[in-house]
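Reader: Please walk me through this structure. I want to know what each label rests on.

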Amino acid sequence: MIVKISSGFRIKMILILIFLFSLKSLSQEKQILKSYYVKTTFKILDEKGNTAVEKKFADLTDREIKTLDNVFNEEIESLSKRELYSRQQIDKKIKDGGPNVVEIDIYKIKRAAGTVNGVYINSFLTVKPMPSDGLEILYASLRNSFKVPETPDGVLLKGKIYVNFIIREDGSLTDFRVLRDLGYGTGQELIRVLKLSKKWIPGEIHGEIVAADYTLPFTISELN
């Protein structure tokens, strides 16, 4: 009987792997990967995308194993979408193990993100930066400290201000820029009160803390 591997069948394949290759000394995830890639040579790529070293599974770091897990899942997904296998063929492929050579690229997202003077775009981060006490408390503090500039009679300040800055690896805020304000020094006033805030929790790319840009919107109205 010929069956097509559905996305739901991926779980069954993993269960088969666990059944065939259970090793009590390793976590379940490592059991699967170690057994499937037991004959594989891994080429570890550096930040420039070049092969830095070749390893066997036993020599991989935890970070490299985490990346390999994604590679494994992509391989199974690709298999289920493009080919037909009988149950016997599936079992044989699992027993035969993975490819002879696999590249592990822990810097893939960082290279795709690109940097300007070592600063990453916030949208590429796997963990976003955030104020140490949370956004809600930060905004409450900004509202309490923000002083609405005086304006001529009949001029009402109401709307959003946007300030961009960099959150460094140590959580400090630098390189402030006013992207849009309401005039009368409102952008500079927001920068002033932001400089009074606590250090932030910096962003990360796959466990590595990096500097990243951030744009903060702030609303003022006639109630300020």
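Author: Start with a rule: two strands pair if DSSP finds at least two bridges between them. Strands (E, at least two residues) and helices (H or I, at least four residues) are DSSP runs, numbered from the N terminus. One open sheet here has three strands in the order S3-S2-S5, with mixed pairing. The model is predicted: local features need pLDDT of at least 70, side-chain atom pairs count only at pLDDT 80 or more, and totals for chains, interfaces and linings use all residues. Residues are numbered from 1 along each chain as its sequence is written, and side-chain values use heavy atoms, with hydrogens and water left out.

Reader: What makes S3 and S5 the edge strands?

Author: Strand S3 (51-55) and strand S5 (101-104) each pair on one side only.

Reader: How do you know that S2 and S5 pair?

Author: Four bridges join strand S2 (residues 41-45) to S5. The rule asks for at least two. The two strands run parallel. Ile-44 stands opposite Ile-104 in S5.

Reader: How much are neighbouring strands of this sheet turned against each other?

Author: By 25° on average, direction ignored. The axes behind that value are lines fitted to C-alpha atoms, for helices over the stretch in contact, and angles run from 0 to 180 degrees between N-to-C directions.

Reader: What makes a set of residues a nonpolar core?

Author: The members are buried Ala, Val, Leu, Ile, Met, Phe, Trp, Tyr and Cys residues, joined through side-chain atoms within 4.5 Å. Buried means under 20% relative accessible area, exposed over 50%, and partly exposed in between (1.4 Å probe, protein chains only). The largest such core has 19 residues. Leu-142, Val-163, Phe-165, Leu-190 and Leu-194 touch the most other members. Helix H6 (135-145), strand S9 (159-167), strand S10 (173-180), helix H7 (186-194) and strand S13 (208-220) each supply at least two residues of this core. Apart from it lies another core, of 15 residues, among them Tyr-37, Leu-68, Val-102 and Ile-106.

Reader: Which residues is Leu-142 in contact with, leaving aside its neighbours within four places in sequence?

Author: Leu-142 is in contact (heavy atoms within 4.5 Å) with Leu-190, Val-193, Leu-194, Leu-216 and Phe-218.

Reader: Why is H7 called largely enclosed?

Author: Seven of its nine residues are buried, so H7 is largely enclosed by the rest of the structure. The buried ones are Thr-186, Gly-187, Glu-189, Leu-190, Ile-191, Val-193 and Leu-194. Their cover includes H6, S9, S10 and S13.

Reader: Why is the contact of Glu-189 with Arg-192 called a salt bridge?

Author: The term needs a side-chain nitrogen of Lys or Arg within 4 Å of a carboxyl oxygen of Asp or Glu. The closest N and O atoms of this pair are 2.7 Å apart, so it qualifies. Being three residues apart in helix H7, the partners are separated by about one helical turn. Glu-189 is buried at 11% relative accessibility. Arg-192 is partly exposed at 34%.

Reader: How many salt bridges does a search of the whole structure find?

Author: Six. One of them joins the side chains of Glu-208 and Arg-63 at 3.4 Å, N to O. Glu-208 lies in strand S13 and Arg-63 in helix H3 (residues 62-82), so the pair ties together parts 145 residues apart in sequence. Glu-208 is partly exposed at 26% relative accessibility. Arg-63 is partly exposed too, with a relative accessible area of 27%. Arg-168 and Asp-175 form another salt bridge, with their closest N and O atoms 3.0 Å apart.

Reader: What makes the rings of Tyr-139 and Phe-218 a stacked pair?

Author: Rings of Phe, Tyr and Trp (its six-membered ring) pair if their centres lie within 6.5 Å; planes under 30 degrees apart count as stacked, over 60 as edge-to-face and the rest as tilted. The centres here are 6.5 Å apart and the planes stand at 10°, so the pair is stacked. Tyr-139 lies in helix H6 and Phe-218 in strand S13, so the pair ties together parts 79 residues apart in sequence. Phe-218 is buried, with a relative accessible area of 2%.

Reader: Why is the pair of Phe-165 and Trp-200 called edge-to-face?

Author: The angle between the planes is 75°, and the label asks for over 60 degrees. The distance is 5.6 Å centre to centre. Both residues are buried. Ring pairs link Phe-165, Phe-176, Trp-200 and Tyr-214 into a cluster.
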